[in-house]
Amino acid sequence: MENGEIPENANEHCPGPQSESAGKSDACQGCPNQEVCATAPKGPDPDLVAIAERMATVKHKILVLSGKGGVGKSTFSAQLSFALAAKDFQVGLLDIDICGPSIPKMLGLEGQDIHQSNLGWSPVYVESNLGVMSIGFMLPNPDEAVIWRGPRKNGLIKQFLKDVYWGELDFLVVDAPPGTSDEHISIVQFLQATGIDGAIIVTTPQQVSLIDVRKEVSFCKKVGVPILGVVENMSGLCQPLKDFRFLKMTENGEHTDLTEKVIEFMREKAPEMLDLIAASEVFDSSGGGAAKMCTEMGVPFLGKVPLDPQLCKAAEEGKSCFAEQKCRTSAPALKNIVEKLMMNYWHEEMSVEQ
């Protein structure tokens with residue numbers, strides 16, 4: 001328990017050896033360290049001082065959260081980082097999803113290693129102004145499962161914050177795992193004294209996702225993290241009509257691909273249709289979606305991002321959706337959200353940019 005760190009063999013919801021409830025709370029029952037924690041002297045965690053020193057060179061810290069997995073949170077984190085870097089800001093992207101680190105894939109950095117210097121761990125850089133840190137860089141085998149209890153996860157998050165040398169950053173984007181678990185409590189606890197700008201919460205339109213987002217909003221309010229806004233992702237499938245496949249189905253479920261015939265027919269009879277964008281609701285949004293939830297809970301609604309196959313492809317290839325003109329439906333939506341964030345919260349940075 002050196003420097004107040006939580007031991008690896010501690011119970012899952014360990015309050016920490018420096019907590020006033022160390023060795024006394026219900027979570028401590030049966031822990032092999034219970035007696036030591038209960039009698040050990042208490043005091044401020046010295047690592048928080050080291051974290052504060054590291055974060056002193058970071059202007060803005062943004063948490064990206066989601067109530068449920070699979071809503072595109074990491075995709076949003078990656079594209080937000082690409083967008084800020086494209087504005088010539090110095091950007092860091094910290095992946096604290098310990099058990100499911102997908103950021104290296106989405107930034108095109110798979111197989112990269114972390115390097116150490118006398119200043120600390122060096123982030124892996126996509127561009128000179130976009131650095132990334134993730135446990136994904138530390139795994140010898142990308143297929144290896146990370147089976148860690150809460151204390152060990154929290155220890156790594158603390159190490160990322162106090163040992164990674166980011167240098168001068170305009171923005172640090174923190175991609176958190178879904179839910180409201182130990183990792184979320186830890187990142188807030190470790191960064192609270194250094195100032196967190198707030199959280200962006202990502203959801204999909206249907207109620208089964210919004211139910212969990214309400215819990216995420218409640219979590220932020222309880223721990224004192226401002227909510228910068230909610231993004232409704234996968235808000236309807238949108239793509240050029242010519243990119244669809246056209247199938248003729250039979251009663252037994254078999255199909256015949258008529259795509260070439262249909263495209264050729266449109267080209268001859270109605271060529272203007274080839275420039276149309278086709279849209280379809282994938283998730284049920286009859287309950288009003290994220291916009292209605294935001295009104296009810298009194299939090300900002302940042303906008304909708306459609307389900308765009310080209311954005312999915314950009315994420316798979318580790319590319320920015322803004323770099324080429326392929327993401328015709330998602331890139332403008334994401335750009336509008338970034339501009340709204342800049343206008344609402346970081347207008348002074350916009351002045352510097354201009």
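C238 counts as buried in this predicted model, at 16% relative accessibility. The cut-off for burial is under 20% relative accessible area. The sulfur of C238 has its closest cysteine counterpart in C312, 12 Å away. That separation is too far for a bond, because a disulfide requires two cysteine sulfur atoms within 2.5 Å.

The wider picture agrees. The structure holds zero disulfides. C220, accordingly, is in no disulfide, and the nearest cysteine sulfur, that of C294, is 12 Å away. C220 is also buried, with a relative accessibility of 1%. Burial thus applies to C220 and to C238, and neither C220 nor C238 has a cysteine sulfur within bonding reach.

A separate set of cysteines is marked in the sequence record. An unreviewed UniProt entry lists C14, C28, C31 and C37 under "binding site". These residues span 24 positions in sequence, yet no two of their C-alpha atoms are more than 10.5 Å apart, so they gather at one spot. The lining of the largest cavity includes C14, C28, C31 and C37. The annotated positions therefore come together in space, and they also contribute to the wall of that cavity.

Two of the annotated cysteines can be placed further. C31 is located in the segment before α1, a helix covering 34-39. C31 is buried, at 13% relative accessibility. Beyond its neighbours within four places in sequence, C31 is in contact with N9, A10 and N11. C37, by contrast, lies in helix α1 itself. The relative accessible area of C37 is 8%, and this residue too is buried. The site thus draws on the helix through C37 and on the preceding segment through C31.

Burial also extends to a strand residue. T203 is part of strand β8, which comprises residues 198-203. The relative accessible area of T203 is 0%, so the residue counts as buried. Its surroundings include residues from several parts of the sequence. With neighbours within four places in sequence set aside, T203 is in contact with V71, S209, L210, V213, V230, V231, E232, N233 and A290.

How values were computed
Residues numbered from 1 in each chain as written. Predicted model: local features only at pLDDT ≥ 70, side-chain atom pairs only at ≥ 80, totals over all residues. Heavy atoms only, no water. Buried < 20%, exposed > 50% of the residue type's maximum accessible area, 1.4 Å probe, protein only. Helix = DSSP H or I, 4+ residues; strand = E, 2+ residues; numbered from the N terminus. Contact = heavy atoms within 4.5 Å. UniProt positions renumbered as here; feature names shortened; annotations may be inferred. 1 Å grid on protein atoms, 1.4 Å probe; cavity = no way out; pocket = protein on both sides within 12 Å on 5 of 7 lines; lining within 4 Å.
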